[in-house]
Amino acid sequence: MNFEWLGRQFDNIVFLLGWHVLLAVTPLILGLLIALPLGWWAHRSRRIYPLLVGVAGLLYTVPSLALFVLLPLVLGTKILDPLNIVAALTIYTVALLVRVVADALDSVPEDTVQAAKAMGYRGYQSLLKVELPVGVPVICAGLRVAAVSNVSLVSVAALLGIPQLGSLFTQGFQLRFFTPIIAGIVLCVVLAMILDGLIILINRWLTPWTPKVVAS
């Protein structure tokens, strides 16, 4: 590791890290907002469930680099537009979370749903106040996978010239210099761990009734 090089490149690395966070987190939020109603639809309709889950599974198998290249043709954007990356990763996030949301709602005990109805909750009230809160742990588990996946997939966009931590990989390969490659890997891992930890904290905040594990 060349720490002198890291010191000289500190501002640039922080710039790349900021873009990486933006490109990884924005699709995570957008994907969740889109997946929630789609997952609810799949949960409510047994006919729709296999269709939505099947299409989502197929979308997730599309190679990321191919999607990054094809989306500008669909969106009418330039190939170097970060919007392409946000759109592609939003698609991947939705593809991953649709089934997660549906399964989370399926995991809510029927007795709980019936109790909500007996208390006078209408459909949307039961969904927002009972079913979704009970399904939060399952949804957060899916979000953790999506967050780590997004952090990894964003780096592929460096091949298109989009600035983020993946740029350190291409720079290192071109110069045959391992310091930027190692720095990029470490920062990606740390960022993934931070996002994972934040989702765990959000899960605990949203589910205060869950028992806390006490070390003996």
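Of the 55 residues that make up the largest nonpolar core, F68, I85, L89, I139, L143 and V151 touch the most other members. The structure is a predicted model, and the points below take up this core, one helix pair, the salt bridges and one backbone angle.

**The nonpolar core**

- Helix 1 (3-8), helix 2, helix 3, helix 4 (64-75), helix 5 (82-106), helix 7 (123-154), helix 8 (166-175) and helix 9 (178-206) each supply at least two residues of this core, and the largest share, 14 residues, comes from helix 5.
- In soluble globular proteins, nonpolar side chains tend to be buried together.
- I139, one of the core residues that touch the most other members, is in contact with L32, L36, V100, V101, A104 and L132 when residues up to four places away in sequence are not counted.

**T90 in helix 5**

- T90 has its place in helix 5, and because its relative accessible area is 8%, under the 20% limit, this residue counts as buried.
- Leaving aside residues up to four places away in sequence, T90 touches P27, L30, G31 and I34.

**Helix 2 against helix 3**

- Helix 2 (residues 10-44) and helix 3 (residues 48-60) pack with their axes 7 Å apart and at an angle of about 140°, which makes helix 2 oblique to helix 3, since only angles over 145 degrees would count as roughly antiparallel.
- On the helix 2 side the contact is formed by L38, W41 and A42, which meet I48, Y49 and L52 in helix 3.
- The residues of this contact divide into six nonpolar, no polar and no charged.

**Salt bridges**

- The count of salt bridges comes to four, and three of them are described here, among them one within a helix.
- E4 forms a salt bridge with R8, with the closest N and O atoms 3.4 Å apart; both residues lie in helix 1, four residues apart, about one turn of the helix.
- E4 is exposed, with a relative accessible area of 58%, and R8, at 54% relative accessibility, also counts as exposed.
- R46 forms a salt bridge with D106, and here the closest N and O atoms are 3.6 Å apart.
- R46 lies in the loop between helix 2 and helix 3 while D106 lies in helix 5, so this pair ties together parts that are 60 residues apart in sequence.
- D106 is partly exposed, with a relative accessible area of 35%.
- The side chains of D196 and R144 meet in a salt bridge with an N to O distance of 2.6 Å, and the pair links distant parts of the chain, with D196 in helix 9 and R144 in helix 7, 52 residues apart.
- At 17% relative accessibility D196 counts as buried, whereas R144, at 33%, counts as partly exposed.

**An unusual backbone angle**

- R176 has a positive phi of about 55° although this residue is not a glycine.
- Most residues other than glycine have a negative phi.
- The place of R176 is in the loop between helix 8 and helix 9, and with a relative accessible area of 79% R176 is exposed.

Notes
Residues are numbered from 1 along each chain as its sequence is written. This is a predicted model: local features need pLDDT of at least 70, side-chain atom pairs count only at pLDDT 80 or more; totals for chains, interfaces and linings use all residues. Side-chain values use heavy atoms; hydrogens and water are left out. Axes are lines fitted to C-alpha atoms, for helices over the stretch in contact, and angles run from 0 to 180 degrees between N-to-C directions. Angles under 35 degrees count as roughly parallel, over 145 as roughly antiparallel, 65 to 115 as roughly perpendicular and the rest as oblique. Contact means heavy atoms within 4.5 Å. Ala, Val, Leu, Ile, Met, Phe, Trp, Tyr, Cys and Pro count as nonpolar, Asp, Glu, Lys and Arg as charged, and the others, Gly among them, as polar. A nonpolar core is a set of buried Ala, Val, Leu, Ile, Met, Phe, Trp, Tyr and Cys residues joined through side-chain atoms within 4.5 Å. Buried means under 20% relative accessible area, exposed over 50%, partly exposed in between (1.4 Å probe, protein chains only).
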